[in-house]
Each structure stands twice: as C-alpha cells, then as structure tokens.
Amino acid sequence: MATILAVSPHLDDAVLSYGGQLVQLCTRGDRVIVYTVFAGLPSPPYSPAAVKYHQLWGLPDDPVRARLQEDQLAMGLLGAAGMYGPFLDGIYRRDGSGGWLVPLEGRSGGDHLSAEPALVAGIAEAVGQLIADIGPSLVVTCSATGDHVDHARARNATVMAAMRTATPIRLWEDLPYGCRTDYIPSLPGDVALASARIEHVDGQAWETKMHAVGCYASQHQMLVYQGHSIAEQLSTHALSRGRFHGDQCYGELAWDIAGPLTNAVRTPRETEN
Ligand code: ZN
C-alpha cells in the first residue's frame with residue numbers, strides 16, 4: 001500500500017483534473033490524501049470579484065464552508081481523505097499595493113500579477129511538513145495549465161517542497177482549462193516537464209469521478225462553457241485523451257518532471273526579491 005499526496009489548488013481541482021486516477025489508486029488500496037491549498041475561510045469585506053463569484057455559486061454567506069462540505073462528499077466517493085490548507089483563494093487576497101489581487105473582470109494569469117513570495121514560501125512549508133508527516137511515495141499536483149494565479153502558486157510551492165524532500169512528483173493537466181489551452185507557465189528552478197503520460201481511466205472509475213464532480217454543485221454554473229456542462233466538457237476531453245489507449249477509452253494527462261532531484265532547488269522567479 002502506497003501513500004499518495006495530491007495537492008489541489010482549489011476545492012474541486014484534483015477531482016476535475018485527476019479524479020479518475022485518484023479513484024483507481026484508492027481502489028487498488030493506496031492511501032490517497034488530497035490537500036486543498038486555498039481552503040482558508042475568508043471574512044468580509046469581500047472584493048467585487050468575490051461577490052460576483054459568490055452570487056454565481058449561490059453562496060452569498062460563508063461560501064468556503066459550504067464548498068468544504070461539497071469536497072468532503074466528493075472525497076468520500078473517491079475513497080480519499082481530504083485535508084485543507086489555511087490559504088485564501090486569490091479572489092480574497094490583496095496585492096502588494098493594497099488593492100484586490102483579482103479585479104472584477106477576472107484577470108487570473110499567474111505570470112501577470114504581483115509576486116506573492118511569502119504566500120508561495122508558506123505553501124511550500126505547509127506541503128513540506130505534510131510530506132514529512134505522511135511520507136508519500138508520490139506527490140501529484142497541477143501543472144498550472146492555463147496559468148491561473150492560484151494554480152501557478154500551488155504548483156510552484158509543491159514542486160519546491162517535493163524537491164527539497166526528494167519526493168517524486170507528477171503534474172496533472174488542469175481541467176477544464178486544458179480543454180481550451182495547452183499553455184503551461186515555466187516551472188521553478190531547473191525543473192521541466194518530462195514526456196507526457198496518458199493515464200487510462202476505466203469505466204467504473206470514470207463513473208465514480210463523474211459522481212464526485214457532481215458533488216461540487218456550487219461550481220457547476222460557473223464551469224458551463226459555450227452551453228456545455230462541465231460533465232460534457234470532461235467526457236469529451238477524456239475520450240480524446242484516451243484515444244491513445246483505444247476507442248471509447250477515458251484518459252487523464254499528466255507529466256513526470258525532469259530535473260535535479262536535489263535538496264538545493266533554486267528559488268522560483270516569484271520568490272525573488
Ligand atoms: Zn482551481
């Protein structure tokens with residue numbers, strides 16, 4: 001029995017992007033722990049962007065607590081254990097000059113915002129502590145496909161923590177962003193993506209993943225794209241990825257990383273200065 005640590009930026013990302021693999025790992029008897037980084041409880045006043053999202057989610061009051069409950073249901077279906085970080089979602093954070101990090105129009109590009117070195121260092125420390133506590137044989141996290149600021153921060157911090165502890169790490173394709181873009185911001189230090197691996201998801205695991213996706217009801221409306229539900233987007237994409245394994249096969253894309261597995265990983269750009 002192996003222990004796998006999945007580091008999810010938000011309450012839903014691990015399931016949306018890599019839920020099929022996580023189900024299969026649980027089914028074969030591995031211990032899977034999903035640590036959601038940006039699960040901190042915000043307090044008002046909220047940014048205009050946060051107010052807009054709360055309305056879209058149908059959660060005007062205490063939104064994160066409700067989303068934690070959704071996640072706990074999803075974790076139960078997967079057979080995984082959920083753990084939650086204290087860090088605030090980007091829509092609740094301020095930038096270096098005191099303004100809201102994410103403006104109302106929803107800019108989210110990780111490379112185009114003010115650096116948050118203390119945040120990245122804090123996440124790296126929390127993930128490093130978790131690695132020390134549970135001793136995973138593998139850490140999986142997002143690749144930051146699509147360059148969402150929170151995804152880039154969580155990824156960079158997790159890569160740093162894995163490198164410091166010499167723990168193997170794998171990065172998943174962020175969905176649904178990966179349905180529309182293959183842009184991945186550069187990785188910290190001397191790390192690079194190794195060749196892609198399309199991981200096969202069997203029919204039963206896929207069904208469980210879709211049930212788990214269904215648990216995040218507050219997010220469904222926001223995730224509709226050009227009239228297509230999140231379930232439709234994920235199925236279409238997984239069948240196209242899975243073609244590598246055969247017709248009507250579901251697949252999830254991930255990468256191992258190439259680079260020095262040393263304790264001396266260089267500080268990423270956003271932690272400089
Ligand atoms: Zn996310």
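## Worked exercises on loops, rings and fold

Pro 176 is found in the loop between β5 (169-172) and β6 (192-201). Here helices (H or I, at least four residues) and strands (E, at least two) are DSSP runs, numbered from the N terminus. The model is predicted, so local features need pLDDT of at least 70 and side-chain atom pairs count only at pLDDT 80 or more, while totals for chains, interfaces and linings use all residues. Residues are numbered from 1 along each chain as its sequence is written, and side-chain values use heavy atoms, with hydrogens and water left out.

**Exercise 1. Find which residue a cis peptide bond joins to Pro 176, and where Pro 45 lies.**

Step 1. Start with Pro 176: a cis peptide bond joins Leu 175 to this proline, and omega is about 10°.

Step 2. Now go back along the chain to the peptide bond from Pro 44 to Pro 45, which is also cis, with omega near 5°. Pro 45 sits in the loop between β2 and α2.

Step 3. For background, most peptide bonds are trans, and most residues other than glycine have a negative phi.

**Exercise 2. Decide whether Asp 62 is buried, partly exposed or exposed, and do the same for Asp 147.**

Step 1. Learn the scale: buried means under 20% relative accessible area, exposed over 50%, and partly exposed in between (1.4 Å probe, protein chains only).

Step 2. Asp 62 belongs to the loop between α2 and α3 (63-78), and its phi is positive, near 50°. Its relative accessibility is 36%, so Asp 62 counts as partly exposed.

Step 3. Asp 147 is placed in the loop between β4 (138-142) and α5 (149-164). Phi of Asp 147 is positive too, near 65°. With 3% relative accessibility, Asp 147 counts as buried.

**Exercise 3. Work out how many aromatic pairs there are, and name the class of the pair of Tyr 46 and Tyr 92.**

Step 1. Take the rule: rings of Phe, Tyr and Trp (its six-membered ring) pair if their centres lie within 6.5 Å; planes under 30 degrees apart count as stacked, over 60 as edge-to-face and the rest as tilted. The count by this rule is four aromatic pairs.

Step 2. The rings of Tyr 46 and Tyr 92 are 5.8 Å apart, centre to centre, with 55° between the planes, and this pair is tilted. It links distant parts of the chain, 46 residues apart: Tyr 46 is in the loop between β2 (31-36) and α2 (48-57), Tyr 92 in the loop between β3 (81-84) and α4 (117-134). Both Tyr 46 and Tyr 92 are buried.

Step 3. Try another pair: the centres of the Trp 206 and Tyr 250 rings are 4.4 Å apart and the planes are at 5°, so this pair is stacked. Because Trp 206 lies in helix α6 (residues 203-215) and Tyr 250 in strand β7 (residues 250-258), the pair ties together parts that are 44 residues apart in sequence. Trp 206 is buried, with a relative accessible area of 5%.

**Exercise 4. Identify which ring the charged end of Arg 94 sits over.**

Step 1. A charge sits over a ring if NZ of Lys or CZ of Arg is within 6 Å of the ring centre and within 35 degrees of the ring normal.

Step 2. The ring under the charged end of Arg 94 is that of Trp 100, with 3.8 Å to its centre. Arg 180 lies over the face of Tyr 225, 3.7 Å from the ring centre.
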